[in-house]
6 protein chains.
Amino acid sequence: MSKKVVTMGEIMLRLSTPGYKRFNQAEKFDVTYGGGEANVAVSLANYGLDPYFVSKLPGNPIGQSAVNHLRRFGVNTDYISRGGERVGIYYLEAGASMRPSKVVYDRANSAIAEATLEDFDFDSIFEGAEWFHFSGITPALSKEAAKLTEEALKAAKKHNVTVSVDLNYRKKLWTPEEAKETMSRLMEYVDVCIGNEEDAEKTLGFKPGETDVTKGELELDGYKSIFKQMKEKFNFKYVVTTLRESYSASDNGWSALIYDGNEFYHSRKYDIRIVDRVGGGDSFAGGLIYSLVDGKDFKDALEFAVAASAMKHTISGDFNLVSVDEVMTLVNGDASGRVQR
Amino acid sequence: MSKKVVTMGEIMLRLSTPGYKRFNQAEKFDVTYGGGEANVAVSLANYGLDPYFVSKLPGNPIGQSAVNHLRRFGVNTDYISRGGERVGIYYLEAGASMRPSKVVYDRANSAIAEATLEDFDFDSIFEGAEWFHFSGITPALSKEAAKLTEEALKAAKKHNVTVSVDLNYRKKLWTPEEAKETMSRLMEYVDVCIGNEEDAEKTLGFKPGETDVTKGELELDGYKSIFKQMKEKFNFKYVVTTLRESYSASDNGWSALIYDGNEFYHSRKYDIRIVDRVGGGDSFAGGLIYSLVDGKDFKDALEFAVAASAMKHTISGDFNLVSVDEVMTLVNGDASGRVQR
Amino acid sequence: MSKKVVTMGEIMLRLSTPGYKRFNQAEKFDVTYGGGEANVAVSLANYGLDPYFVSKLPGNPIGQSAVNHLRRFGVNTDYISRGGERVGIYYLEAGASMRPSKVVYDRANSAIAEATLEDFDFDSIFEGAEWFHFSGITPALSKEAAKLTEEALKAAKKHNVTVSVDLNYRKKLWTPEEAKETMSRLMEYVDVCIGNEEDAEKTLGFKPGETDVTKGELELDGYKSIFKQMKEKFNFKYVVTTLRESYSASDNGWSALIYDGNEFYHSRKYDIRIVDRVGGGDSFAGGLIYSLVDGKDFKDALEFAVAASAMKHTISGDFNLVSVDEVMTLVNGDASGRVQR
Amino acid sequence: MSKKVVTMGEIMLRLSTPGYKRFNQAEKFDVTYGGGEANVAVSLANYGLDPYFVSKLPGNPIGQSAVNHLRRFGVNTDYISRGGERVGIYYLEAGASMRPSKVVYDRANSAIAEATLEDFDFDSIFEGAEWFHFSGITPALSKEAAKLTEEALKAAKKHNVTVSVDLNYRKKLWTPEEAKETMSRLMEYVDVCIGNEEDAEKTLGFKPGETDVTKGELELDGYKSIFKQMKEKFNFKYVVTTLRESYSASDNGWSALIYDGNEFYHSRKYDIRIVDRVGGGDSFAGGLIYSLVDGKDFKDALEFAVAASAMKHTISGDFNLVSVDEVMTLVNGDASGRVQR
Amino acid sequence: MSKKVVTMGEIMLRLSTPGYKRFNQAEKFDVTYGGGEANVAVSLANYGLDPYFVSKLPGNPIGQSAVNHLRRFGVNTDYISRGGERVGIYYLEAGASMRPSKVVYDRANSAIAEATLEDFDFDSIFEGAEWFHFSGITPALSKEAAKLTEEALKAAKKHNVTVSVDLNYRKKLWTPEEAKETMSRLMEYVDVCIGNEEDAEKTLGFKPGETDVTKGELELDGYKSIFKQMKEKFNFKYVVTTLRESYSASDNGWSALIYDGNEFYHSRKYDIRIVDRVGGGDSFAGGLIYSLVDGKDFKDALEFAVAASAMKHTISGDFNLVSVDEVMTLVNGDASGRVQR
Amino acid sequence: MSKKVVTMGEIMLRLSTPGYKRFNQAEKFDVTYGGGEANVAVSLANYGLDPYFVSKLPGNPIGQSAVNHLRRFGVNTDYISRGGERVGIYYLEAGASMRPSKVVYDRANSAIAEATLEDFDFDSIFEGAEWFHFSGITPALSKEAAKLTEEALKAAKKHNVTVSVDLNYRKKLWTPEEAKETMSRLMEYVDVCIGNEEDAEKTLGFKPGETDVTKGELELDGYKSIFKQMKEKFNFKYVVTTLRESYSASDNGWSALIYDGNEFYHSRKYDIRIVDRVGGGDSFAGGLIYSLVDGKDFKDALEFAVAASAMKHTISGDFNLVSVDEVMTLVNGDASGRVQR
């Protein structure tokens with residue numbers, strides 16, 4: 001039987017300009033739905049797990065379309081509460097070469113940001129579950145959402161569910177001070193922590209090294225020092241980060257680093273021609289969770305997660321629509337892209 | 001020189017499903033911008049007047065796109081204040097036959113709904129203007145917006161500007177009680193009042209006759225009684241309404257009625273094969289205002305307005321993109337639709 | 001809890017030319033999936049029942065896309081067996097006015113046509129089910145498929161499941177002789193029989209009246225005589241047919257007739273401006289089954305089914321994406337198509 | 001063996017706005033190619049004749065695309081001379097309801113308008129041909145084109161080729177005076193003359209009756225008087241006209257009238273829901289020529305031509321893509337538009 | 001006069017997802033037609049030869065569309081037999097970066113796979129022809145197709161037609177054993193043999209060197225040993241292969257090797273940014289055949305073929321739509337891609 | 001207050017094939033409008049200046065659409081004269097890799113080419129202006145256009161307006177001899193001269209060095225010698241050129257060189273993944289003019305112009321839709337293309 005995993009967060013309507021059009025050129029928007037934890041859930045469905053996405057969406061046709069979109073890709077939507085006023089939106093303009101992609105958020109007052117404890121029965125939600133994943137976005141949505149996240153974490157722990165977090169700092173949602181206050185408290189429930197230097201500093205206060213992300217350079221040493229501090233303070237089982245080298249909006253380098261408290265392991269690096277990089281980090285989390293649930297050791301898990309998320313960059317939309325077989329072909333060394341007949 | 005006219009209200013992002021797709025089938029949205037008073041302004045630009053649209057839009061690329069869209073069709077955007085959080089949205093699904101079109105609003109907390117008196121200098125705005133038009137939607141957006149509308153009306157009157165209103169009751173924005181309280185006060189500044197029976201009842205409290213709009217029948221007698229009451233109470237120069245006969249979502253009958261305090265005049269009726277009926281009422285207001293500014297008598301003005309707005313139903317988007325010549329061909333009796341080479 | 005209903009048949013890839021393009025003009029095909037019993041299942045999901053679609057689809061990405069498409073619209077796909085060589089296809093060119101729509105089938109050797117008893121566990125499938133629906137297409141697919149249908153019917157009866165059939169004669173799949181031999185045998189399991197005159201003659205041998213379908217005239221008397229014979233021979237609880245008046249490819253009249261062995265009831269008739277008429281009959285069956293499961297009397301059930309299927313003609317694709325509320329608005333007399341805000 | 005028929009004229013690039021968009025809304029143009037005599041040639045290819053289109057097109061990729069477009073639909077392009085500066089263009093905006101379709105021509109200085117006698121070897125062109133068709137547009141393109149047309153007609157007659165003309169007056173190309181001078185001279189070569197009242201008056205000087213085309217009324221008596229005069233003066237074998245009743249841009253009545261010098265025959269009338277009416281007249285000429293080449297009597301020929309051209313109105317683009325079988329189904333009375341499976 | 005060349009094989013309907021969409025994201029398919037030998041024929045038409053494509057297609061509109069598509073690009077379709085049940089299909093999903101393109105075949109029971117000797121008159125087909133080309137796909141379609149190929153080859157030889165083959169092993173169609181048995185027999189008619197190492201091993205049994213195609217490395221030495229064996233055994237005039245270096249699905253290296261029994265010549269290598277690589281090999285064969293028919297020496301022929309096929313990778317669809325001039329510009333060293341005005 | 005700048009030239013309808021389609025594959029054209037000086041005007045509007053575009057366009061809907069397109073992006077169209085026969089057209093096919101982009105012009109007899117002095121009141125046009133820009137295309141359009149340009153320049157000088165030119169030699173419009181005769185005379189009014197080696201030779205007769213543009217190599221020394229000669233002869237304030245290295249149609253190197261009579265300054269070089277390179281040079285001129293009007297020194301101005309025009313290559317259409325902030329981010333060194341949220 002497939003294994004129950006739970007993710008909780010916001011799913012937004014994503015409106016993106018087609019091709020490389022700028023917002024003020026667009027006469028059409030491509031319509032899809034996505035959001036950190038929903039994206040993770042879809043990855044898990046593709047790998048054969050049984051993911052449940054916990055959220056709230058309005059009872060109108062836009063909310064229904066978001067539900068349908070999740071169902072289409074195999075996510076169980078039974079725990080999505082219906083009500084509230086609106087579906088959050090993000091507008092996306094794809095960049096190219098030296099022109100960066102641009103995201104405009106319009107997510108205030110979304111249904112999940114205004115949800116309350118009455119909307120969810122966390123005991124049933126975590127009954128029989130093996131894993132719970134959330135990101136730093138969920139508690140940042142509103143004070144109420146932070147409470148919800150904390151209650152979910154308590155219930156998860158009560159049911160012995162392993163917990164992962166993707167720190168994902170969003171400066172439009174809260175200040176570093178607000179983030180730190182909430183996130184530090186939530187970390188006590190977390191087993192696996194994913195986050196880059198900026199996230200680690202802004203949400204947990206760990207001082208980053210000298211890495212200048214705009215230079216596209218990596219400073220592994222900075223990470224190692226931070227990971228050790230994190231492990232020490234929160235006793236995470238694993239601390240993990242992806243390492244993106246932004247050569248341009250069209251080409252990126254992509255690898256990851258994991259620390260098990262004992263050893264640092266730096267994955268293979270992929271050079272990627274980008275189709276759509278939104279959701280890249282979520283697909284990494286999805287690959288990692290699947291691999292750990294599946295019983296892979298932490299190095300194999302990291303290689304699976306990096307390969308899976310490298311492939312995400314070639315797929316349009318937030319969701320990573322690849323199978324275990326496809327990822328394993330890449331993990332096993334075939335990056336040739338030869339036609340499969 | 002062309003004549004300055006002013007309209008004030010909200011312009012929204014309009015997201016509509018292509019073809020006759022339902023919301024949960026859509027993978028693309030057609031993108032345009034529209035809103036009652038903006039639509040009127042575009043009509044006036046097409047007829048050669050010099051319309052200024054007064055509103056507030058955020059400084060982000062979505063707000064900029066709305067500004068660009070107005071400019072493209074000849075509307076002066078100098079009085080649009082920039083700031084605030086979001087552009088209001090309405091989602092549109094086009095109906096057909098017995099399946100009605102569906103509008104889902106997501107307009108709360110838009111920039112104009114949160115605008116304040118500091119955003120506008122009404123003295124300059126109405127300097128040299130000949131006409132001011134607003135609808136019942138604008139004061140319904142928020143308490144602040146109601147104040148703004150009242151201040152605009154005062155300034156308009158100070159500058160001897162003729163004022164028209166389209167009552168346009170929106171039940172999602174306020175209750176009949178709220179509407180009546182505000183709208184009754186505003187009516188003292190109005191010269192030309194446009195509104196159907198439902199609007200007259202919900203925003204001004206005039207009791208409708210027995211017209212059952214879902215039956216698609218017209219009861220002119222009910223209208224006549226209401227128009228007389230309205231004229232008496234608010235001393236409007238003209239009271240006007242369009243008369244829509246909804247045979248189905250695909251076919252409508254369309255005519256209008258005007259009362260000058262003396263005589264009722266019922267226009268020619270058009271049977272319309274509908275392409276896009278949103279903005280039909282606004283295009284009627286635009287046709288009427290143009291005709292009155294242009295000095296037509298009230299019957300000719302009504303025929304122009306009805307013909308213009310009949311044509312709007314054949315044009316996609318909120319805006320009525322027809323010229324005076326095109327409207328006059330129809331007014332003059334050629335509804336044959338023969339190819340013009 | 002929602003009620004389990006089961007439908008069994010083929011779901012095909014539907015490739016249709018956009019707009020009104022002819023096949024040899026098309027540079028793109030619109031892609032969706034559909035088939036009689038799948039279409040019925042989607043209707044039932046929209047009305048809040050819990051439909052399971054039984055079929056077989058290949059393990060390749062085209063088969064997976066069909067599965068995803070069903071899931072998206074709420075159909076349970078747990079009983080879809082995976083394997084076989086291909087997904088059946090139908091090509092569709094939409095007609096207009098006097099030019100008929102055209103369907104080209106390419107469905108031979110599809111996975112479900114080559115499925116065997118090993119692919120399904122009918123005991124679990126019908127465990128707890130309330131209704132089973134199939135059409136005359138399923139047993140026509142292959143000899144093996146006819147056997148499968150018979151086994152399904154036996155299992156359904158064993159579990160006290162009510163059974164409905166839509167006779168749906170397909171001349172490309174079998175001869176009237178073949179149809180009669182198989183279908184007559186299957187009728188003993190059927191409670192509710194849907195079928196027009198042509199179906200009744202070709203699949204069961206009941207002699208049609210003088211109705212000439214190309215004339216677009218209805219001969220209710222012919223139907224009444226046939227329905228009586230059908231009721232007598234097979235002891236159906238209800239005999240039902242839709243009555244289509246083909247004025248042209250763009251406009252049809254649409255009503256239905258039901259017979260409960262006692263009384264004939266002819267529904268309200270709708271005149272429809274057609275968007276997509278494929279799946280019209282299936283949406284009727286879906287409306288009827290829902291209504292009967294829901295406990296409506298047979299006249300109310302017929303009115304719901306006719307209204308629901310009239311609406312289907314305004315929706316693109318095979319599936320009828322309307323809610324109970326939307327159908328009831330039409331049943332209750334509002335066919336005005338006025339915009340719903 | 002299939003029969004050689006020749007048509008001569010201009011083929012233009014056709015740029016049309018998608019849907020019902022107005023020119024100043026369009027971000028895309030649908031691209032196809034068409035023109036009176038090219039459209040006739042495509043009809044003839046669909047009916048199994050072997051049509052050759054005589055014209056001149058530039059050697060650039062736009063000219064090549066026009067050639068390819070003709071080949072695709074079975075027209076022989078061996079007699080198309082290559083050279084000259086440009087492909088003529090017409091912009092098309094589809095009307096709806098009371099809004100007429102609009103054509104903007106940009107055809108001056110096209111390759112065929114500047115072609116000379118050196119571009120064509122009319123002796124080979126008419127070697128073995130059975131029929132030659134041209135329209136009043138060809139000689140109107142330029143003085144040189146008028147000469148070319150006359151030389152073609154002489155060669156046709158030398159080879160005993162039957163000649164038809166579609167008078168097709170185009171006011172943007174020449175004045176009635178210029179038209180009359182040229183066309184009267186060319187009529188001596190013509191066997192079958194197609195043209196409506198306006199054409200007959202503007203190109204040949206026959207006084208129309210009181211028909212007011214914008215009223216959508218038919219005055220058969222006026223036509224009869226004109227046809228008699230035409231027959232008398234030019235000794236045509238047949239005089240023919242289509243009769244369009246323009247109810248609106250969306251709906252037309254469509255029939256035709258033929259006169260063999262003895263008897264007037266008025267065809268069956270079709271009421272058409274229009275998809276694309278451009279090329280309607282050309283498809284009528286194509287149907288008539290095919291029928292006469294095929295040996296049908298003049299009444300059957302007229303019925304075929306009217307049915308064929310009625311169907312053209314349901315097909316997008318200039319070309320009529322229907323087969324003999326499809327037309328005959330309609331001629332034989334089935335206008336029901338029922339799905340053909 | 002242009003020179004008659006003949007190719008024989010299958011033309012399939014190609015259904016590809018737009019952009020880089022995965023199959024289960026696609027709501028539209030781009031529609032075109034292609035297949036090895038048809039693709040070669042189109043190349044030859046672009047270079048000014050007179051290609052005839054021999055195949056069989058059903059009499060339905062899908063078959064007709066394939067015929068029209070060939071005609072559009074200048075291929076003579078007189079020898080295409082009409083009949084049979086279906087047009088073979090291949091579904092295509094374009095890859096990017098490390099995600100490979102994916103082809104799903106659905107070609108069983110296509111008309112050409114079920115064609116028989118009665119469908120073709122090879123004596124007329126090869127009358128006056130200069131060249132015949134086929135690929136290893138044609139005899140693999142069915143036993144009957146293998147016979148057809150052999151008869152075609154006999155007739156070709158009888159008419160002194162030069163013969164080329166592209167070995168093209170397709171593992172979905174036959175086993176290496178079946179391939180070897182048939183292909184070895186057919187090789188006796190062949191003058192020019194094109195095939196890579198895998199083809200040479202699977203269809204003719206020549207043992208490949210250690211080249212591991214997934215590594216994207218080239219081992220010219222392995223090829224040289226194989227080419228010598230092939231030349232020796234079958235006495236080919238030329239043995240040729242393309243050499244693809246798959247850096248990723250987005251970027252490839254591309255060159256070719258030819259052996260005239262005396263000398264090995266390795267062409268210039270191109271690094272290609274890929275738009276659509278399907279049909280790359282066919283465009284190489286087309287370039288080679290044209291060059292040899294045109295009388296180029298084998299080295300110049302190879303350079304033309306490599307440049308032509310490099311350009312194919314930048315063109316969407318199966319067909320290589322480039323002219324001799326365009327290819328020669330590249331052969332002559334201008335790969336700068338500067339805008340041509 | 002924003003600063004008035006004037007540009008004068010032709011704006012054309014741009015018809016481009018979507019994706020990388022070749023002309024003879026296209027069923028749709030993307031529609032936009034552009035032309036050297038119009039493109040410059042749009043750049044200036046984006047940077048906050050107040051640009052006026054001087055031209056002539058016909059009174060038909062295509063001309064109106066061009067006007068609307070300019071307005072949309074903030075260009076003042078008050079000085080566009082209306083009349084004349086046609087809008088000039090250019091067809092564009094985007095290249096990729098080694099396949100070059102292709103432009104087919106159809107611009108003869110456009111309204112601006114046939115405009116006369118009566119169409120413009122240069123005194124009002126230059127009243128209050130700070131800058132005037134034109135290119136070598138404008139005087140090349142026709143003899144009349146050359147006269148117009150000269151009159152404009154005289155008026156500009158009378159009003160003390162700074163003048164810039166982009167030499168832009170177009171071989172389809174005039175010969176080097178014609179160009180030299182006219183352009184040399186016009187140079188006396190010019191302050192800032194932009195042009196590459198080919199332009200300098202063909203329009204002004206300065207002998208280029210050995211740079212072979214097809215090799216993609218740069219020879220700065222050749223430029224330096226030419227710039228000195230140009231400065232000497234015409235006493236330009238600045239001589240400027242962009243330096244394009246065409247690696248392929250997909251990837252270019254991009255930098256620029258400026259000479260102030262004293263010092264040569266070579267900008268930073270960008271390697272660009274190209275989305276649309278048409279208008280690249282115009283966006284450079286736009287960036288340079290803005291910077292000089294804004295008071296930047298000539299080196300900073302050059303860096304701004306190069307960065308701005310590098311970004312243009314990532315934007316579809318002729319217009320460069322970037323803000324000062326976006327350009328400055330790149331100038332300041334962030335070319336990482338990281339997502340901006």
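User: In this predicted model, which residue is the bridge partner of A:Lys28 in strand 3 of chain B?

Analyst: The partner of A:Lys28 is B:Asp30, which lies in strand 3 of chain B. This bridge belongs to a pairing in which strand 3 (residues 28-34) of chain A and strand 3 (residues 28-34) of chain B are joined by 3 bridges and run antiparallel.

User: What makes strand 3 of chain A and strand 3 of chain B count as paired?

Analyst: Two strands are taken to pair if at least two bridges are found between them, and here there are 3 bridges, so the condition is met. The pairing is part of an open sheet of 8 strands with mixed pairing, in the order 7(A)-6(A)-2(A)-3(A)-3(B)-2(B)-6(B)-7(B).

User: Why are strand 7 of chain A and strand 7 of chain B called edge strands?

Analyst: Strand 7 (102-106) of chain A and strand 7 (102-106) of chain B are the edge strands because each pairs on one side only. From one strand to the next, the twist of the sheet averages 30°. Helix 2 (residues 61-72) of chain B lies across strand 6 (89-93) and strand 7 of chain A, together with strand 2 (12-16) and strand 3 of chain B, and runs at about 65° to strand 3 of chain B.

User: What makes strand 8 of chain D largely enclosed by the rest of the structure?

Analyst: A residue is called buried when 20 or more other C-beta atoms lie within 10 Å of its own, and 5 of the 5 residues of strand 8 (residues 131-135) of chain D are buried, so the strand is largely enclosed. Both faces are covered, with D:Trp131, D:His133 and D:Ser135 on one side and D:Phe132 and D:Phe134 on the other.

User: Which strands pair with strand 8 of chain D, and in what sense?

Analyst: Strand 1 (residues 4-8) of chain D is joined to strand 8 of chain D by 3 bridges, and these two run parallel; within this pairing D:Val6 has D:Phe132 as its bridge partner. Strand 9 (residues 162-166) of chain D also pairs with strand 8 of chain D in the parallel sense, over 5 bridges, and there D:His133 is matched with D:Ser164.

User: How many residues of helix 1 of chain D are buried?

Analyst: In helix 1 (residues 36-46) of chain D, 11 of its 11 residues are buried, and the helix is accordingly described as mostly covered. Among the buried residues are D:Glu37, D:Asn39, D:Val42 and D:Leu44. After the helix comes D:Gly48, whose phi is positive, near 95°.

User: Why is helix 10 of chain C called roughly perpendicular to helix 11 of chain C?

Analyst: The axes of helix 10 (residues 298-312) of chain C and helix 11 (residues 324-331) of chain C come within 9 Å and cross at roughly 105°. Angles of 65 to 115 degrees count as roughly perpendicular, and therefore the two helices of chain C receive that description. Where they meet, C:Glu303, C:Phe304, C:Ala307, C:Ala308 and C:Met311 of helix 10 face C:Glu326, C:Val327, C:Leu330 and C:Val331 of helix 11. By class, this contact has 7 nonpolar, no polar and 2 charged residues.

User: At what angle do helix 10 and helix 11 of chain A pack?

Analyst: In chain A, helix 10 (residues 298-312) and helix 11 (residues 324-331) pack at an angle of about 105°, with their axes 9 Å apart, and they are therefore roughly perpendicular to each other.

User: How do you know that chain C and chain A have the relation of a two-fold axis?

Analyst: A rotation of 180°, with 0.0 Å of shift along its axis, superposes chain C on chain A with an RMSD of 0.0 Å, and that is the relation of a two-fold axis. The same surface serves both copies, since 100% of the contact residues of chain C recur in chain A. In chain C, C:Arg72 comes closest to the rotation axis, its C-alpha being at 2.0 Å. The contact between chain C and chain A takes 5 residues from each of them, and the chain C side has 1 nonpolar, 2 polar and 2 charged residues.

User: What makes the relation between chain A and chain F that of a three-fold rotation axis?

Analyst: Chain A can be laid on chain F by a turn of 120° and a shift of 0.0 Å along the axis, with an RMSD of 0.0 Å, and the two copies are thus related as by a three-fold rotation axis. The C-alpha of chain A nearest that axis belongs to A:Gly19, 5.2 Å from it.

Methods. Residues numbered from 1 in each chain as written. Chains lettered and ligands numbered in written order. Predicted model: local features only at pLDDT ≥ 70, side-chain atom pairs only at ≥ 80, totals over all residues. Contact = placed C-beta atoms within 7 Å. Nonpolar A, V, L, I, M, F, W, Y, C, P; charged D, E, K, R; others polar. Least-squares fit on C-alpha atoms with pLDDT ≥ 70 in both. Buried ≥ 20, exposed ≤ 12 C-beta atoms within 10 Å, placed from the backbone. Helix = DSSP H or I, 4+ residues; strand = E, 2+ residues; numbered from the N terminus. Axes fitted to C-alpha atoms, helices over the stretch in contact; angles between N-to-C directions. Parallel < 35°, antiparallel > 145°, perpendicular 65-115°, else oblique.
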